[in-house]
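Me: I should like a close look at a single part of the structure shown below. Please treat that part in detail and then place it in its wider context.

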Amino acid sequence: MLYTRPSTVAGVLDELRRGAVVVSGGTVICKQLDGVDRIVDLGGVASLREIHGAQDGGQLLVGAACTAEQLASSHHLQPFAALSDAAAALGNPQIRRRASIGGNVVLCEQVTSDLYPPLLALNARVQMAASDPASESAPSEVALHDVTDPGWWHGKLIISFALDRPRWSSFRRYAWRQASGKPIVNVAAATTDGEDSTRVFVGGLSAVPQRVHGPTDPTIQRLAPSDYIARVVREGVSSVLKEVEAQCS
Ligand SMILES: Cc1cc2nc3c(=O)[nH]c(=O)nc-3n(C[C@H](O)[C@H](O)[C@H](O)COP(=O)(O)OP(=O)(O)OC[C@H]3O[C@@H](n4cnc5c(N)ncnc54)[C@H](O)[C@@H]3O)c2cc1C
């Protein structure tokens, strides 16, 4: 197997064009490399591990290879409670030290991603580049909520996530009582200046987290695998909405 660790985004894209598979933290992909003959490690690109703060009302920029531990401990994320709380609750300390935000979003079809619902609630935009030379080669931006097919990330490199500072945001997760603590369902909400209503997203009911408009939204009952899970989700939605509304009033 050929392993490369370029120091630039352009170097990573060159490798993707040669058919390499991206490895970031490697917490999941390293167990799925049967038949893969070329991998490209994002760990050599310093800019992908940087967080730039939302000063003076500007946007927060989070590099795609930033780890859950970095997100949980960064002072830049203090105004983004839903995302930093989700990062602090993800997996266990060993996983948090490796798990990247980019890998977390790409994996949404395989695991209930803890970071995906907060990113959607916070209306994240994704800076990305396509490896296919026929499509745009320069980094471009997509609103995360416009990506409804998890397979869409195939052949693309996530570079960073851009977030506007919310008035308040909140996160709850409901997980197995195991050492790894993988989530069953999770809920995130955020209110941002200029938005009429609080954005609430539920993860775990479908591959891509779903937007719901309150605890009685019929989407919850329709997608929940059991009445018990539906009740848990409704409680979670009520709880995040109460917290956000209390903080914003
Ligand atoms: C024991 C255990 C517990 C876990 N617990 C949780 C949990 O509680 N909550 C949770 O959400 N997840 C959990 N996970 C899943 C996983 O660790 C995380 O989702 C993690 O964030 C994945 O990131 P990674 O950097 O390790 O991805 P990798 O394994 O490196 O890659 C995953 C996929 O994403 C692609 N990829 C990675 N980065 C990029 C990028 N920048 N652009 C394009 N494609 C990219 C890779 O090619 C691969 O297909 C757990 C995993 C384990 C093994």
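Which helices and strands each supply at least two residues of the shell around the ligand?

Reply: The model discussed here is predicted. Two strands, β2 (21-23) and β8 (156-164), and two helices, α4 (93-98) and α5 (101-106), each supply at least two residues of the shell around the ligand. The largest share, four residues, comes from α5. In total, 32 residues surround the ligand. The closest are Gly-25, Gly-91, Ser-100, Gly-102 and Gly-103. By residue class, the shell comprises 17 nonpolar, 12 polar and three charged residues.

Gly-91, one of the closest residues to the ligand, also follows helix α3 and has a positive phi, near 55°. The helix that precedes Gly-91 merits attention in its own right. Seven of the nine residues of α3 (residues 81-89) are buried, so this helix is largely enclosed by the rest of the structure. The buried positions are Ala-81, Ala-82, Leu-83, Ser-84, Asp-85, Ala-86 and Ala-87. Among the elements that cover them are the helices α2 (68-73) and α6 (116-121), together with the strands β9 (168-175) and β10 (183-191).

Strand β8, which supplies at least two residues of the ligand shell, also belongs to an open sheet of five strands. The order in this sheet is β4-β5-β8-β6-β7, and the pairing is antiparallel. At its edges stand β4 (51-52) and β7 (140-143); each has a single partner strand, so one side of each is left without a neighbour in the sheet. Within the sheet, β8 pairs with β6 (residues 125-130) in the antiparallel sense over six bridges. In one of the bridges, Ala-130 is partnered by Lys-156 of β8. Helix α1 (residues 9-17) packs on the sheet and touches both β6 and β8, its direction making about 140° with that of β8.

The wider context is the chain as a whole, which contains eight helices and 12 strands. Its C-alpha trace spans about 50 × 45 × 35 Å along the principal axes. For 249 residues, a compact globule would have a radius of gyration near 18 Å, and the chain, with 18 Å, agrees with this. Of these 249 residues, 41% count as buried. Among contacts with a separation of 6 or more, 61% are accounted for by residues 24 or more positions apart.

Terms used:
Residues numbered from 1 in each chain as written. Predicted model: local features only at pLDDT ≥ 70, side-chain atom pairs only at ≥ 80, totals over all residues. Near = placed C-beta within 6 Å. Nonpolar A, V, L, I, M, F, W, Y, C, P; charged D, E, K, R; others polar. Buried ≥ 20, exposed ≤ 12 C-beta atoms within 10 Å, placed from the backbone. Contact = placed C-beta atoms within 7 Å. Rg over C-alpha atoms; globule rule 2.2 N^0.38 Å. Pairing = 2+ DSSP bridges. Axes fitted to C-alpha atoms, helices over the stretch in contact; angles between N-to-C directions.
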